[in-house]
Amino acid sequence: MSADGQPSSEAALLITVSDPEKHGTSITAAFVDYKLSTVTQLSRYAAKEFFVRRRYRDFVWLRDRLCHAFPGCVVPPLPTVDSPLKDDRFSPNFIERRQAGLQLFLRRVAGHERLRESSDLQTFLEAKVWELQTVKNATGSSWLGALFDGTQESLKSVQSLMAHKVPDEEAIERVRAFAANYATIASASASKQHAAVRTQADMASDLRQLAPALDMLSQSETELSLPLTHMAAALDRVKELHLARVQAEHVCGLSALLAFNTGMATALNEVLANRDAALLQYQKAAAALDASTKERQRWQEAEHSGAPSPRSGVLGKLDELMYDPQKGSKVEVRVKEADAELSAAKERWEAISTSIHTEVDRFHRQTNADFSRGLREHVLEQLEFEQAQQREWEQLLDIVERVETVPGTAASFRPSSS
């Protein structure tokens, strides 16, 4: 419990992603959904424990809603649509990687004190499938949608519109410079690590071809049949070690960490783009209020100066058609509406600007914790991987060392003294 008697963030909302199931057989219509089990102490939920099934597109909808409802928050990224290993999206390995990414997304959302209060998150976790679809169909766009839809294209558009804006305060400029630089570095690091893991996957592919070749060779060289057979078997096991390591890297290893961190850096830049969009909306609202106020002033001046002498003929008829006795009240309504929009836009911009500093602090703390744990686990896993390989080679060495070669004669196999 927290100091004010409320459930802690870790215990308040626990969500587990499990039991993936494939539905359908068509390549275009088939999909995989996952069981989402929720345990919560939050009173607004109808039950303390419950579960639903959700597919990837439902997660996409949730993240989109969180981004629009909380434009000042760094919303965690989802696992990418395309597999970094370019394998079948219905393969067990791909599904395992996606499940791990979805689990991490929900864990971070549930651990965020503002995001976990989202009504859309509650709907996502509680609603029946048809109820969720109804909500998704009824979901409209927000003020932000008109300017920024979360894509790289709209991000560049907003940045272009803000190119000539008044410079930010120094703290925001530092955040902006850090976010841009960090996103570039994180992406490059993830790319290099993926290349290293790809090399390991290629090694496994080579071993997959080498093992059967040695097995065939053992049938030709009868004196070396046993050691070659053992070597083929050892290489096959080493191949499996490499494949397991590659999969682990993309499920919970350094590759997964760097990919997630790259997504978090992109999300931080999205928040800055949201702030730019909010400021642009604020400036547009201020300009609209100014225009409406000047229109009212012109109308008032015209009223005070008295009505001009009526014109005759066609011009007089035109004056009669254009005269609007309700113009004064309409102008006042436009001024009030513009003033209300300006107040709302100002509040949105200030809210995002204020939350950025909190979000950046959270970003640094989480990143440091993630890498502190992730690097240690990576080193331990690499040691375990190397030790497992060494055991295979040591066992093979015991077999190979029993092969005797006499100059000028064929090799022979010396049985173990044991």
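1. A residue is called buried here when its relative accessible area is under 20%, and F124, at 0% relative accessibility, is therefore buried. The model under discussion is a predicted one, and the points below should be read with that in mind.

2. The partner to consider alongside F124 is F59, which also counts as buried because its relative accessibility is 0%. The ring centres of F59 and F124 are 5.0 Å apart and the ring planes stand at 75 degrees, so this pair is edge-to-face. Since F59 belongs to helix 2 (residues 56-69) and F124 to helix 4 (residues 119-126), the pair ties together parts that are 65 residues apart in sequence.

3. The setting of that pair deserves a remark as well: F59 and F124 form one aromatic cluster together with F105, and a search of the whole structure finds seven aromatic pairs.

4. Two rings are also met by a charged side chain. The charged end of K35 sits over the ring of F51, at 4.6 Å from the centre of that ring, while R55 lies over the face of F31, where the distance to the ring centre is 3.9 Å.

5. A separate site to inspect is T367, which is placed in helix 11 (residues 327-400). With a relative accessible area of 10%, T367 falls under the 20% cut-off and so is buried. Once residues up to four places away in sequence are set aside, T367 touches Y182 and N261.

Conventions: Residues numbered from 1 in each chain as written. Predicted model: local features only at pLDDT ≥ 70, side-chain atom pairs only at ≥ 80, totals over all residues. Heavy atoms only, no water. Helix = DSSP H or I, 4+ residues; strand = E, 2+ residues; numbered from the N terminus. Buried < 20%, exposed > 50% of the residue type's maximum accessible area, 1.4 Å probe, protein only. Contact = heavy atoms within 4.5 Å. Phe/Tyr/Trp six-rings, centres within 6.5 Å; stacked < 30°, edge-to-face > 60°. Lys NZ or Arg CZ within 6 Å of the ring centre and 35° of its normal.
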